[in-house]
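The following exercises are to be worked with the sequence and the 3D structure at hand. Each task is followed by a solution in steps.

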Amino acid sequence: MVKRKVRLLAYVLTAAVTSVAGLTGCNSQAGQGDDGAGGKSAGEICPTAGTTGTIKIAMSSPIQVFAPVTVGIASGAFKAAGLDVQITRIPLADAVPLVAQGQLDGQVTTWSAGHFNVVATGVDMKFIAPLERAQPTAPGTPMQGYWSRTEIVGSAENPDLSKLKGKTVASPSGGTGVGGKILSDALAKVGLGLGDVKLKTIAGADALAALENGAVDAAWIGSPTDVEAGKRPNLTQIATYAPGVTGASVIAGRSLLNRPEVLVRFFQVLQSVTQKYLSGDYRKNPESVAVIAKASQTPEDVIRQSALIRFDPKFSMDGVGDFLRSLQDFTLKQGGLDYKDPLPAGKLMDTRFSEALAVCRSIS
């Protein structure tokens, strides 16, 4: 963890230096762009029939929650719209500095401490679209989140998280970011905090194996492994996303923010794909299941068994400011940020691109 944090801080410093060099040298790297793109309203950034471009996006894994983007690629919708959307598979922390430096245009990921710290250096990097909004679910519904063994916390209907005191809990981020906040909020309900558990970093299918063999007492189980966890009678879910914005998002760097018309065109494709494949209970639509399975590299049967994800074709930014403020406050309290005073929402998010969906004419 220490080495990883040092590496991230080094990347942040590099990104900051690159940003300054761009502002004073190559204008194409400037935060607001040569054409004053940052000052244009939603109605002034509408694409035309001739709007095309290449967009290079980082993504750690093509999980189902990223479907608006991955389905846009798998279905050929981006290509048909004149956009060459390229995905680079790279871990979140490694991608942040590359987006900051303009080597990648953006990320499909979850907002993290690394993003807060880079923005604090003056780099233009914005949360521009939430990809899902969590909905209330009935106890026992398999969801990505924290799971434990029933012998420790009891059943899903009434888990006793106080039993986790002194126990080992694993997560991909080691208790930081959105996952850390979810765990912290859950523990707070029984008078505990992150300091009352032993945090360990484990990700993917390894987390489920560690939970089952007793190496850890609770673990973050992500999609699609949560479907497998739901089949284990000795496992129970203990915490997941609160209803609303989850943090799964499209994040744009300056090289993409400087091309607002291309970005709006990108959003128009996201909207079209969401309406066609991801509306309602898409799990019952064979065409939707097939393209989602292809896009997320997941068996079709797993898609049918997974919890329903609510995708919003309007990509409304409602609630994003509150989410970022809450996450920033949590991360500041945990000592995970390189600054002391919270950044204003305007530094962290840009609502113009989702707003443009309502005012720009769709291009067929």
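Two strands are taken to pair if DSSP finds at least two bridges between them. The model is predicted, and every value below is computed from it.

**Exercise 1. Determine the strand order of the sheet that contains S1, and state which strands stand at its edges.**

Step 1. Following the pairing from strand to strand gives an open sheet of 5 strands in the order S2-S1-S3-S12-S4, with mixed pairing.

Step 2. Strand S2 (83-89) and S4 each have a single partner strand and stand at the edges, so one side of each is left without a neighbour in the sheet.

Step 3. On average, neighbouring strands of this sheet are turned by 30° against each other, direction ignored.

Step 4. Within the sheet, strand S3 (residues 106-110) pairs with strand S12 (residues 248-253) in the antiparallel sense, over 5 bridges. Thr109 has Ser249 in S12 as its bridge partner.

Step 5. Helix H4 (residues 92-100) packs on this sheet and touches strand S1 (53-59), S3, S4 and S12. The direction of H4 makes about 150° with that of S3.

**Exercise 2. Describe the surroundings of Met125: is this residue buried or exposed, and which residues does Met125 touch?**

Step 1. Met125 is found in strand S4 (residues 125-130).

Step 2. A residue counts as buried under 20% relative accessible area. The value for Met125 is 0%, so Met125 is buried.

Step 3. Leaving aside residues up to four places away in sequence, Met125 touches Val96, Val99, Ala100, Trp111, His115, Val118, Val119, Ile251, Ala252, Lys347 and Leu348.

Step 4. Asp105 lies 20 residues from Met125 in sequence, and the C-alpha to C-alpha separation in space is 9.7 Å.

**Exercise 3. Analyse the sheet that contains S9: what is the order of its strands, and how is S9 paired with S6 and S7?**

Step 1. This open sheet has 5 strands in the order S8-S7-S9-S6-S10, and its pairing is mixed.

Step 2. Strand S8 (198-201) and S10 are the edge strands; each has a single partner strand, so one side of each is left without a neighbour in the sheet. Neighbouring strands are turned by 30° against each other on average, direction ignored.

Step 3. S6 and S9 are antiparallel and pair over 4 bridges; Ser148 stands opposite Ala218 in S9.

Step 4. S7 and S9 run parallel and are joined by 2 bridges. Here Ala170 stands opposite Ala219 in S9.

Step 5. Strand S6 (residues 145-149) also pairs with S10, in the antiparallel sense and over 5 bridges. Gln237 in S10 is the bridge partner of Trp147.

Step 6. Helix H7 (residues 177-188) lies across S6, strand S7 (168-171), S8, S9 and S10, and runs at about 55° to S6. Helix H8 (residues 205-212) packs on the sheet as well, touching S6, S9 and S10, with its direction at about 155° to that of S9.

Step 7. S9 is covered on both faces: Ala218 and Trp220 on one side, and Ala219 and Ile221 on the other, are all buried.

**Exercise 4. Classify the aromatic pair of Trp220 and Tyr241, and then that of Tyr282 and Phe311.**

Step 1. The structure holds 9 aromatic pairs. In the pair of Trp220 and Tyr241, the centres are 5.6 Å apart and the planes make 85°. Planes over 60 degrees apart count as edge-to-face, and this pair is edge-to-face.

Step 2. Trp220 lies in strand S9 (residues 218-221) and Tyr241 in the loop between strand S10 (235-240) and strand S11 (244-245), so the pair ties together parts that are 21 residues apart in sequence.

Step 3. Trp220 is buried, with a relative accessible area of 9%, and Tyr241 is buried, with 16%.

Step 4. Tyr282 and Phe311 lie 6.1 Å apart, centre to centre, with 45° between the planes, and this pair is tilted. The two residues are 29 residues apart: Tyr282 is in the loop between helix H11 (260-277) and helix H12 (286-296), and Phe311 in the loop between helix H13 (300-305) and helix H14 (320-333). Both Tyr282 and Phe311 are buried.

Notes: Residues are numbered from 1 along each chain as its sequence is written. This is a predicted model: local features need pLDDT of at least 70, side-chain atom pairs count only at pLDDT 80 or more; totals for chains, interfaces and linings use all residues. Side-chain values use heavy atoms; hydrogens and water are left out. Rings of Phe, Tyr and Trp (its six-membered ring) pair if their centres lie within 6.5 Å; planes under 30 degrees apart count as stacked, over 60 as edge-to-face and the rest as tilted. Buried means under 20% relative accessible area, exposed over 50%, partly exposed in between (1.4 Å probe, protein chains only). Axes are lines fitted to C-alpha atoms, for helices over the stretch in contact, and angles run from 0 to 180 degrees between N-to-C directions. Contact means heavy atoms within 4.5 Å.
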